[in-house]
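Have your viewer ready and switch on side chains as we go. Each stop on this tour gives you something to select and tells you what is there.

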Amino acid sequence: MLDNPVKRGRDKTLVVIGFVLLGSSGFLIFILLLVFFMSKKRSKCIMGKVAVLGMNLRVFSFEELNKATSGFTEKLVSGSFATVYKGIVDDDCMDNKLVAVKKLENAVKEGDQEFKTEVCAIARTNHKNLVRLLGFCNEGLHSMVVYEFMPNGCLADFLFGPSQLNWYKRIQLAIGTARGLCYLHEECKTQIIHCDIKPQNILIDESFGARISDFGLAKLMKKDQTRTTTAIRGTKGYVAPEWFRSNLPITVKVDVYSFGILLLEIISCRRSFELENEMVLADWGYDCFKERRVEMLVRKDVEAKDDMKTVENLVMIAIWCIQEEPSLRPSMKKVLQMLEGVVEVSTPPDPSSFISTIQ
């Protein structure tokens, strides 16, 4: 029987269509597999995260953080309740795998409260002058907070160590810190009082910008709440007087006071209290201002001595911040405006004059 050319053509067409369909199916299968693996990777990124106050935070196990820190070996800084370690996290979803792991040393009631406070406080924030929270671990007796690693250490290293920053860089760090505090006080949905502003808690990022860290002692306040009462918090030398007076409420002005002490340290590269000569920086700073010899505060700084008008302005801002009467202290918003030159700095009174008068 002779082949039917019409039938042969039809068969060839069917074969071509079959190959096309198979090719399309293969391509479709490839696309589906690609989507599957991408989804799997994405789900792996999402897995282990929980929504905390509207943010996705990675929940780490103790085993993960023990491995990340090589058994908690490289210590970055140590405090009363916690030690911070450098770590490397195995996470494809993170751009920078270097992290700082803050480990609470004792799983006591106070420590657990500090942990919860820090997670809540940092999770609510989003500002370039604040350290960003990446995740946490709350497993059995282990409570840890994981946040982005700051490669240049803390401000204290550059104020009191051998490698001091130049005058203009120190001014920028002061302004950056003020911006971070202004955000906490004025712009957060829930107002935050940091309660422990000091050079050790101002970290330096890769661009040498100031990042406020360590919210472990922070006090959260509701939007309609302007004052609170609580046990004394903070570090000696930076603690506002109202902490020691039961009749005075605790407000955001405690951070303003601490910032004033910090600003004097930034100006002079001296500690708030020097044990060897029993020098209280706040008292000495005001004495230098009152006696019109603020150059004594920067006597070893050539750049600052060539910029005495700025030195005097910064000293006046610091003195306004350390007024013993909280109501006389400016808000952090006004402090920032004075630092930026938007608002003129007026002559401050003796920090203790108002308290002395009412007593």
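## Stop 1: a buried acid

Select D307 and display its surroundings: leaving aside residues up to four places away in sequence, D307 touches W167 and Y168. Keep in mind throughout that you are looking at a predicted model. D307 sits in the loop between α8 (302–305) and α9. Does this acid have a salt-bridge partner, or none? D307 is buried yet has no salt bridge, and the nearest side chain of opposite charge, R170, is 9.6 Å away. Now add T310 to the selection: the side chains of D307 and T310 are joined by a polar contact of 2.8 Å.

## Stop 2: the salt bridges

Other charged side chains do find partners, and the count comes to 11 salt bridges. Start with E148 and R211, whose side chains meet in a salt bridge at 2.6 Å, N to O. This pair links distant parts of the chain, with E148 in strand β7 (residues 142–148) and R211 in strand β10 (residues 210–212), 63 residues apart. Is E148 buried or exposed? E148 has 15% relative accessibility, so it counts as buried. R211 is buried as well, with a relative accessible area of 12%.

Next, select E340 and R179, which form a salt bridge of 2.9 Å, N to O. E340 lies in the loop between α10 (332–339) and α11 (353–358), while R179 belongs to helix α5 (residues 167–187), so the pair ties together parts that are 161 residues apart in sequence. Colour by accessibility here if you can: E340 counts as partly exposed at 37% relative accessibility, and R179 is partly exposed with a relative accessible area of 30%.

Then move to D196 and K198, where the salt bridge spans 3.8 Å, N to O. D196 is buried, and so is K198. Before leaving this stop, put D205 on screen with E148 and R211: salt bridges that share partners join E148, D205 and R211 into one network.

## Stop 3: along α10

Show α10 and pick out M332, V335, L336, M338 and L339, which are buried. On which side of the helix do they fall? They cover an arc of only 160° around the axis, which puts them on the same side of α10. The general rule is handy here: an α-helix has 3.6 residues a turn, so residues three or four places apart point the same way. Turn on α5, α6 (253–268) and α9 (308–321) to see what the buried residues of α10 pack against. Following α10 comes G341, which has a positive phi, near 80°.

## Stop 4: aromatic pairs

Finally, look for rings: the structure holds 4 aromatic pairs. Select F72 and Y85, whose ring centres are 5.4 Å apart and whose planes are at 70°, so the pair is edge-to-face. F72 is in the loop between α2 (62–68) and β3 (75–78) and Y85 in strand β4 (residues 82–88), so the pair ties together parts that are 13 residues apart in sequence. Both F72 and Y85 are buried. Add F62 to the view, and you have a cluster: ring pairs link F62, F72 and Y85.

For a last selection, choose Y286 and F289. Their aromatic pair is tilted, with 6.4 Å centre to centre and 45° between the planes. Y286 and F289 both lie in helix α7 (residues 281–290), 3 residues apart, about one turn of the helix. Both Y286 and F289 are buried.

Notes
Residues numbered from 1 in each chain as written. Heavy atoms only, no water. Salt bridge = Lys/Arg side-chain N within 4 Å of Asp/Glu carboxyl O. Helix = DSSP H or I, 4+ residues; strand = E, 2+ residues; numbered from the N terminus. Buried < 20%, exposed > 50% of the residue type's maximum accessible area, 1.4 Å probe, protein only. Arc of directions from axis to C-beta. Contact = heavy atoms within 4.5 Å. Lys, Arg positive; Asp, Glu negative; His and termini not counted. Polar contact = N/O pair within 3.5 Å; in protein donor to acceptor, adjacent residues only side chain to side chain. Phe/Tyr/Trp six-rings, centres within 6.5 Å; stacked < 30°, edge-to-face > 60°.
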